[in-house]
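Dear colleague,

Here is the structure for your files. My notes on it come after the display.

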Amino acid sequence: TLIVAKPAGISVEPAPGVPAGETVLERAREALGQGSAEELGLPHRLDRVTSGVLVLAKDRDALAWHGREVAAGSWRKLYKARVAIEGKDKATAAAAAAGIVGM
């Protein structure tokens, strides 16, 4: 298992419009000296615009184990966001950022 700190703006896997060699999978394979996509597995994904911790499985057994853990609810994703709200008072802005008030 490989744990990667994925910055925002980098795609996890190949997608339309993403230049070749510019994904987390491709960079990890290059760093590890692995040649094919099948050698690294993704038990979960993060969107291109999202930064965070990404888990890569180095083999099928690890991928299967992580998949079972995800399916069982053993993993929890936590998202944090910075919010800037113009034209609202600080209390309303703080409540909206905490999810207390709909925006």
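The notes below cover the core, a buried lysine, the salt bridges and the second helix. Please keep in mind that this is a predicted model.

Core. The largest nonpolar core has ten residues: Ile10, Val12, Val24, Leu25, Ala28, Leu40, Leu42, Leu46, Leu54 and Leu56. Two elements, α1 (24–32) and β2 (52–56), each supply at least two of these residues. The largest share, three residues, comes from α1. One core member, Leu54, has contacts with Leu2, Ile3, Val4, Lys6, Val12, Val24, His44, Arg45 and Leu46, when residues up to four places away in sequence are not counted.

Buried lysine. Lys6, one of the residues that Leu54 touches, sits in strand β1. Lys6 is buried but has no salt bridge. The nearest side chain of opposite charge belongs to Asp47, at 8.4 Å, and a salt bridge is counted only within 4 Å. A polar atom of the Lys6 side chain does lie 3.3 Å from the backbone oxygen of Arg48. With neighbours within four places in sequence left aside, Lys6 is in contact with Val12, Val24, Leu46, Asp47, Arg48, Thr50, Ser51, Gly52 and Leu54. Of these, Val12, Val24, Leu46 and Leu54 are also listed in the core.

Salt bridges. How many salt bridges are there? The count comes to two. In one, the side chains of Arg45 and Glu13 meet at 2.7 Å, N to O. Arg45 is in the loop between α1 and β2, and Glu13 is in the loop between β1 (2–6) and α1, so this pair ties together parts that are 32 residues apart in sequence. Both partners are partly exposed: Arg45 has a relative accessibility of 44%, and Glu13 has 27%. Arg45 is also among the contacts of Leu54.

The other salt bridge joins Glu22 and Arg27, with the closest N and O atoms 2.7 Å apart. Here too the residues are partly exposed, Glu22 with a relative accessible area of 36% and Arg27 at 38%.

Second helix. Helix α2 covers residues 60–71, twelve in all. From the first C-alpha to the last it reaches 16 Å, close to the 16 Å expected at 1.5 Å a residue. Asp59 caps the N-terminal end of α2, with a side-chain oxygen 3.1 Å from the backbone nitrogen of Asp61. Just after the helix, Gly73 takes a positive phi of about 80°.

Regards

How values were computed:
Residues numbered from 1 in each chain as written. Predicted model: local features only at pLDDT ≥ 70, side-chain atom pairs only at ≥ 80, totals over all residues. Heavy atoms only, no water. Core = buried A, V, L, I, M, F, W, Y, C linked by side-chain atoms within 4.5 Å. Buried < 20%, exposed > 50% of the residue type's maximum accessible area, 1.4 Å probe, protein only. Helix = DSSP H or I, 4+ residues; strand = E, 2+ residues; numbered from the N terminus. Contact = heavy atoms within 4.5 Å. Expected span 1.5 Å × (residues − 1). Polar contact = N/O pair within 3.5 Å; in protein donor to acceptor, adjacent residues only side chain to side chain. Lys, Arg positive; Asp, Glu negative; His and termini not counted.
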